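Trainee: I am new to this structure and would like a close look at a single part of it. Please take the surroundings of the ligand, and then put that part in the setting of the chains around it.

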Amino acid sequence: MPGAKFDIHYVFDYFPKQLSTLSLTLTIVGLSILLGLGFGFLVALPRLYKVPVLQRVSQVYVSFFRGTPILIQLFLIYYGLPEVLKLFSVDVTRTPVLAFVVLTYSLHAGAYISEMIRAGVTAVDRGQVEAAYSVGMSGFQAFVRIVLPQALAISLPVFANLVIATLKDTSLAFSLGVMEMTGKAQTLITLSQHFVETYIALAILYFVISFILEKIFYVLERRLLKHERQEAGAGTGRRFGWRSAPTLRNLLTGTTRGRGGARARDGRSEA
Amino acid sequence: MIQLSRITKSFGRHEVLKGIDLNVGKGEVVAILGPSGSGKTTLLRCINFLERPSGGTVAIGEAKADGKHPSKKDIRELRLKSAMVFQHYNLFRHKTALENVMEGLVIVRKIPKEKARAKSVEVLEKVGLGAKIDAYPSQLSGGQQQRVGIARALALEPEVILFDEPTSALDPELVGEVLEVIRRIAKEGITMVVVTHEMGFARDVANRVVFMDEGAVIEEGDPREIFAKPKQERTKQFLKRITPEPNYSI
Ligand SMILES: Nc1ncnc2c1ncn2[C@@H]1O[C@H](COP(=O)(O)OP(=O)(O)OP(=O)(O)O)[C@@H](O)[C@H]1O
Ligand SMILES: [Mg+2]
């Protein structure tokens with residue numbers, strides 16, 4: 001077995017050292033998700049509104065970022081993007097690595113988020129939009145007041161999974177030399193040769209953050225979906241319960257959980 | 001009040017409405033009857049442009065729109081003058097009964113929240129749901145949901161309310177409560193167009209019935225006369241099929 005003899009003290013010792021890089025990890029996650037939401041919306045719209053050419057473009061984008069490993073995306077963007085930009089005489093050699101990392105993660109998250117938005121929006125039945133029109137709302141009002149809140153609530157479990165997946169994926173940023181939690185762990189190992197202890201401390205850190213995020217999303221979800229809860233006792237089971245939420249990859253491969261709409265859907269054309 | 005002239009509608013090559021003329025006077029209750037697929041729903045949806053006619057014109061009061069080339073403003077005007085009650089209720093599922101009714105008042109009519117709330121509570125009480133104002137649609141029975149749908153339409157004080165088979169998605173034992181509410185508001189003199197399969201209701205409540213078949217109006221007139229002695233062969237057949245009781249007509 002490589003490295004130094006196991007010593008539990010290193011776990012406690014390294015914990016605070018790695019904790020100091022937590023803020024960088026969370027920054028990457030936060031920025032990536034935020035930007036990812038932006039990309040996701042931009043990419044979802046042409047598909048929702050069936051814009052001829054853009055629709056194809058966004059399909060290709062989504063397939064690419066869902067279909068290739070994030071590590072390769074990191075390398076492609078870090079090494080490839082500067083080359084491409086050079087053709088347009090844009091020099092990015094002084095741009096911090098972190099920018100490339102965040103760009104990659106947000107493009108990656110954006111692909112999943114666009115699918116999430118699409119699934120969420122299509123799950124809100126058309127009849128409600130027609131009802132909104134019939135009381136005089138504009139298309140924009142109907143979208144913002146009626147469709148979006150419900151789509152977001154439906155999407156929340158998927159979104160939660162995505163945030164946690166992104167958190168875990170940030171551990172790959174160390175391969176470009178970014179000193180986030182995993183990167184820090186690597187240097188600690190180089191110094192001390194205490195592999196196992198370092199990774200134990202690291203695993204605990206990731207686990208605790210994921211756990212906290214899960215709890216937060218669970219509370220949020222219960223809030224946002226309170227309208228789907230039947231009165232006590234009359235419940236038909238927790239259709240959108242956290243526990244029953246399928247995994248990210250399963251869900252995003254296109255299974256939308258239909259709701260209510262089955263009998264309310266009329267499938268008619270819009271005015 | 002409502003003037004439809006030469007309304008046509010095609011889905012692809014399928015001509016669903018073949019030039020319909022229909023005038024509905026103020027305070028009149030018109031029931032539209034006819035076999036499945038005859039275009040009743042489509043006609044109703046053309047009135048508020050949930051479906052865009054292929055030709056003809058639609059007018060409600062002062063508001064008027066060209067069927068094929070309506071302006072956004074025209075459509076909006078028509079929708080402000082009308083309200084619709086849907087077969088499947090189409091309530092906003094993330095909003096309570098009260099919020100469902102308030103939504104149009106606050107967002108579209110820009111009525112201050114407190115006033116809108118008072119108005120909405122009043123209308124919900126009128127349809128017998130005073131105790132359920134804070135319930136979400138998922139917590140209401142079909143009949144209750146449809147009464148919220150009616151309250152949502154009624155609160156807007158539209159010049160005309162369009163009903164598309166308001167009771168046909170309901171369990172039989174819930175049909176009565178909804179028809180009762182519609183009957184009551186009909187008495188208040190609100191203009192209504194009701195697509196229905198409830199013959200008894202059409203006969204008792206409507207001032208006029210309109211029979212449609214294959215995208216055209218084939219017969220119309222006073223319900224009692226028409227139910228007693230329909231002139232058209234197709235109306236006769238339809239009535240025979242739909243009214244099982246032999247001693248149904250007067
Ligand atoms: N969005 C649509 N696309 C294509 N065809 C349609 C569409 N909506 C309605 N139709 C067709 O138009 C015809 C009339 O339909 P409509 O729903 O108006 O009939 P209806 O009289 O309301 O029937 P029902 O009593 O069954 O409700 C039907 O043949 C239907 O298939
Ligand atoms: Mg119909």
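Mentor: What follows starts at the ligand, moves to the nonpolar core, and ends with some single residues of the two chains. The model is a predicted one.

Ligand 1 is placed between chains A and B. The number of residues around ligand 1 is 15, and the closest of them are B:Ser36, B:Gly37, B:Lys40, B:Thr41 and B:Thr42. Sorted by class, this shell holds nine polar, three charged and three nonpolar residues.

Several polar atoms of chain B can be placed by distance. A polar side-chain atom of B:Thr42 is 2.5 Å from an oxygen atom of ligand 1. For B:Lys40, an N or O atom of the side chain is 2.8 Å from an oxygen atom of ligand 1. At B:Gly39 the partner is a polar backbone atom, which lies 3.0 Å from an oxygen atom of ligand 1. Taken alone, ligand 1 would expose 640 Å², and the protein buries 70% of that area. Two elements of chain B, strand S2 (14-24) and helix H1 (40-47), give two or more residues each to the shell around ligand 1. The largest share, three residues, is that of H1(B).

Away from the ligand, the next item is the nonpolar core. The largest such core has 128 residues, and those that touch the most other members are B:Leu124, B:Ile150, B:Phe163, B:Met192 and B:Val209. The element that gives the most to this core is helix H7 (residues 139-169) of chain A, with 15 residues. B:Phe163 can serve as an example of the packing. Not counting residues up to four places away in sequence, B:Phe163 touches B:Leu44, B:Val85, B:Ile150, B:Ile182, B:Ile185, B:Met192, B:Val193, B:Val194 and B:Val195. One of these partners, B:Leu44, falls within the range of helix H1 (40-47) of chain B, the helix with the largest share of the ligand shell.

Two residues of chain B have an unusual backbone angle. Most residues other than glycine have a negative phi. B:Glu165 is not a glycine, yet its phi is positive, at about 40°. B:Glu165 sits in the loop between strand S7 (160-164) and helix H6 (172-187) of chain B. Its relative accessible area is 12%, which is under 20%, so B:Glu165 is buried. B:Lys110 also has a positive phi without being a glycine, at about 60°. This residue belongs to the loop between helix H3 (97-108) and helix H4 (113-126) of chain B. B:Lys110 counts as exposed because its relative accessibility, 60%, is over 50%.

Chain A is built from eleven helices and zero strands. It has 271 residues, of which 45% count as buried. Its accessible surface is about 13,900 Å², and carbon and sulfur atoms account for 68% of that. Among the contacts in chain A with a separation of 6 or more, 76% are between residues 24 or more positions apart.

Three buried residues of chain A show what such contacts look like. A:Thr21 is in the loop between helix H1 (9-19) and helix H2 (22-48) of chain A. With 9% relative accessibility, A:Thr21 counts as buried. A polar atom of the A:Thr21 side chain is 2.6 Å from the backbone oxygen of A:Gln18. Leaving aside neighbours within four places in sequence, A:Thr21 is in contact with A:Met179, A:Glu180, A:Met181 and A:Lys184.

A:Val62 belongs to helix H3 (residues 52-67) of chain A. Its relative accessibility is 3%, so A:Val62 counts as buried. With neighbours within four places in sequence left aside, its contacts are A:Val43, A:Arg47, A:Ala111, A:Ser114 and A:Glu115. From A:Val62 to A:Phe159 the C-alpha distance is 16 Å, and the two are 97 residues apart in sequence.

A:His108 is part of helix H5 (residues 97-123) of chain A. A relative accessible area of 7% makes A:His108 buried. Again leaving aside neighbours within four places in sequence, A:His108 is in contact with A:Phe65, A:Ile70, A:Gln73 and A:Asp169.

Definitions and conventions: Residues numbered from 1 in each chain as written. Chains lettered and ligands numbered in written order. Predicted model: local features only at pLDDT ≥ 70, side-chain atom pairs only at ≥ 80, totals over all residues. Heavy atoms only, no water. Near = heavy atom within 4 Å. Polar contact = N/O pair within 3.5 Å; in protein donor to acceptor, adjacent residues only side chain to side chain. Areas by Shrake-Rupley, 256 points an atom, 1.4 Å probe, with all protein chains shown as cover. Helix = DSSP H or I, 4+ residues; strand = E, 2+ residues; numbered from the N terminus. Nonpolar A, V, L, I, M, F, W, Y, C, P; charged D, E, K, R; others polar. Core = buried A, V, L, I, M, F, W, Y, C linked by side-chain atoms within 4.5 Å. Buried < 20%, exposed > 50% of the residue type's maximum accessible area, 1.4 Å probe, protein only. Contact = heavy atoms within 4.5 Å.
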